[in-house]
Each structure stands twice: as structure tokens, then as C-alpha cells.
Amino acid sequence: MNLIIFGPPGAGKGTQADFIVNKFNLFKLSTGEVLRNEIKNKTQLGKEIFSIINSGSLVSDNIVERLVETFIADKKYKNRLIFDGYPRNLIQTKTLQELLLKHGQEISLVLKLSVSLETITKRILERRTIEKRTDDNKEIAIKRYQTYEKSTEPVIEYYKKLNLLKVIDGERPIDQINKEISDIISLI
Ligand code: AMP
């Protein structure tokens, strides 16, 4: 079973993905985390993407595709991936379908955590004091939300048409959201 989790930055995607990983023995592929590691390790790629990430824009589709394929092609993760932060636009969605097909896999479920801009701005500012992410400030948070609405909402529509989408109210307490997600996954 491969899953995708969507939600604007600050919606709690990471927290919920970690919960699902533990409970259902999956592996989380967070493209944002992989990219931040490249920056932290000061790799050539890290240097190229540093300013893009800190402006709240998206990194090029080719870069992300290369990263993602290494995970999809790896037998360790076969049918055990939860995609967090990917695909972010329609081009990446098409690429993902092709990569999954090439490696004999598919998406079983798509979750969307629904949260208002007001709530995420508040959460991102709170998170900033604990995680020190350089892209967590109010202006960049709004820009990342706008990027999400413009580029990622059409992707969610795409999965809705395929009947794979479940929308979760992300404004509720974490344990309630955990429970709803567990119930949904257990039915697959
Ligand atoms: P995230 O941790 O998912 O919020 O991602 C942080 C930043 O990494 C984003 O604002 C983008 O600059 C970049 N990023 C993460 N995932 C992708 C992706 N699938 N495509 C392009 N850029 C991405």
C-alpha cells in the first residue's frame, strides 16, 4: 500500500505521516526533508536549492524526480511508501504515475488535511521556536500557502476524480485525527 498525504505547510502532515509510518509499518518519503538534508550536508545540490527553498518556491521537477525515483526503485520500500510533500504539481503527478507503473506499484489512498490559512500561520510561527526551519516566517508561510493552493490543489482534484481522496478536518486535536486516519487505512 502506497499513500499520499496532502495539506498546506503547517497542517500537521509530518506529524500524521510519522504516526501512520509507525502504526502501519510504512516508510515516509518527505521530499522537503530530503532536500533540507542536502542543504544541511552542504552538497552541490544543497547549494543550488538553498535560495529556492528559502523563498517559498518549488524546486525544479527534475531534481525532485531523481530523488523520488531512488526510493520507488528500492525494493526495501516497495508498496510501503507514504509520500509527504510530493507530488506538488500536475507534472510531478504524471511523473509519479509513470514511476509507479515502471516499478509495478500504485497509489491506494490519498489523504488531505484541511486547515485554514489563519491556523497554519499561527502554527508555523509556533513551530519556528522549536524546529528552527529557515523558511518558517510569516511572509514565507503565506507564500508557501499560496504556492500550495496554486500548484497542489489541482493535484488533489486529480486524485478526487480517481476516487482515491479522503479529506480530513485538520483543525481538530491530533489524537482525533490519528483515529480517523487509522480507521480509513484499516479499511484498505
Ligand atoms: P515541505 O517540507 O514539504 O514544506 O517542503 C519545503 C520546501 O522544499 C518547499 O517549500 C519547496 O521549496 C521544497 N519542496 C519540497 N517538496 C517539493 C516538491 N515535491 N517539489 C518541489 N519542491 C519541493
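Where is Asn79 found? I began with this residue and placed Asn79 in the loop between H4 and E3. Throughout these entries I keep in mind that the model is a predicted one.

**Entry 1: two asparagines with positive phi**

I looked up the backbone of Asn79 and noted a phi near 55°, which is a positive value in a residue other than glycine. For the side of exposure, I recorded a relative accessible area of 30% for Asn79, so I enter this residue as partly exposed. I then turned to Asn25, where phi is likewise positive and near 55°, again in a residue other than glycine. Asn25 has its place in the loop between helix H1 (13–24) and strand E2 (27–30). With a relative accessible area of 53%, Asn25 lies over the 50% cut-off and is therefore written down as exposed.

**Entry 2: the cis peptide**

I checked the omega angles and marked the peptide bond joining Tyr86 and Pro87 as cis, with omega at about 0°. Pro87 is found in the loop between E3 and H5, and both Tyr86 and Pro87 come back below in the contact list of Leu96.

**Entry 3: the nonpolar cores**

I next traced the largest nonpolar core, which has 30 residues, and asked which of them touch the most other members. The two are Phe83 and Leu96. At least two residues of this core come from each of strand E1 (2–6), helix H2 (31–40), helix H3 (44–53), helix H4 (61–72), strand E3 (81–84), helix H5 (90–102), strand E4 (107–114) and helix H7 (138–161). H4 gives the most to this core, and I noted its share as six residues. As background I add that nonpolar side chains tend to be buried together in soluble globular proteins.

Following Leu96 further, and setting aside residues up to four places away in sequence, I listed its contacts as Ile4, Ile72, Phe83, Tyr86, Pro87, Ile107 and Tyr159. Apart from the largest core I found another, of 19 residues, and Leu3, Ala17, Leu26 and Val115 are among them.

**Entry 4: aromatic pairs**

How many aromatic pairs does the structure hold? I noted six, and followed those that involve Tyr159. The ring centres of Phe6 and Tyr159 are 6.2 Å apart with the planes at 40°, so I classed this pair as tilted. Because Phe6 lies in strand E1 and Tyr159 in helix H7, the pair ties together parts that are 153 residues apart in sequence. Tyr158 and Tyr159 also pair, at 5.0 Å centre to centre and with 85° between the planes, and I entered this pair as edge-to-face. Through such ring pairs Phe6, Tyr158 and Tyr159 are linked into a cluster.

I then asked of each ring residue whether it is buried or exposed. Phe6 and Tyr159 are both buried, and for Tyr159 the relative accessible area is 0%. Tyr158 is partly exposed, with a relative accessible area of 31%.

**Entry 5: H5 against H7**

I examined how H5 and H7 pack, and wrote that their axes come within 8 Å and cross at roughly 40°. The two helices are therefore oblique to each other. On the H5 side the contact involves Leu90, Thr93, Leu96 and Gln97, and these meet Ser151, Pro154, Val155, Tyr158 and Tyr159 of H7. Sorting the residues of this contact by class gave me six nonpolar, three polar and no charged residues.

**Entry 6: two buried residues with polar or charged side chains**

I looked up Asp84, which is found in strand E3, and at 6% relative accessibility I counted Asp84 as buried. With residues up to four places away in sequence left out, Asp84 touches Ile5, Lys13, Gly14, Ala17, Lys28, Leu29, Ser30 and Thr31. Ala17 was also entered above as a member of the core of 19 residues.

The other residue is Ser182, which lies in helix H8 (residues 174–186). Its relative accessibility is 5%, so Ser182 too counts as buried. Which residues is Ser182 in contact with, leaving aside its neighbours within four places in sequence? I listed Phe19, Lys23 and Phe24. Ser182 and Phe24 are 158 residues apart along the chain, and I noted a separation of 8.8 Å between their C-alpha atoms.

Key
Residues numbered from 1 in each chain as written. Predicted model: local features only at pLDDT ≥ 70, side-chain atom pairs only at ≥ 80, totals over all residues. Heavy atoms only, no water. Core = buried A, V, L, I, M, F, W, Y, C linked by side-chain atoms within 4.5 Å. Buried < 20%, exposed > 50% of the residue type's maximum accessible area, 1.4 Å probe, protein only. Helix = DSSP H or I, 4+ residues; strand = E, 2+ residues; numbered from the N terminus. Contact = heavy atoms within 4.5 Å. Phe/Tyr/Trp six-rings, centres within 6.5 Å; stacked < 30°, edge-to-face > 60°. Axes fitted to C-alpha atoms, helices over the stretch in contact; angles between N-to-C directions. Parallel < 35°, antiparallel > 145°, perpendicular 65-115°, else oblique. Nonpolar A, V, L, I, M, F, W, Y, C, P; charged D, E, K, R; others polar.
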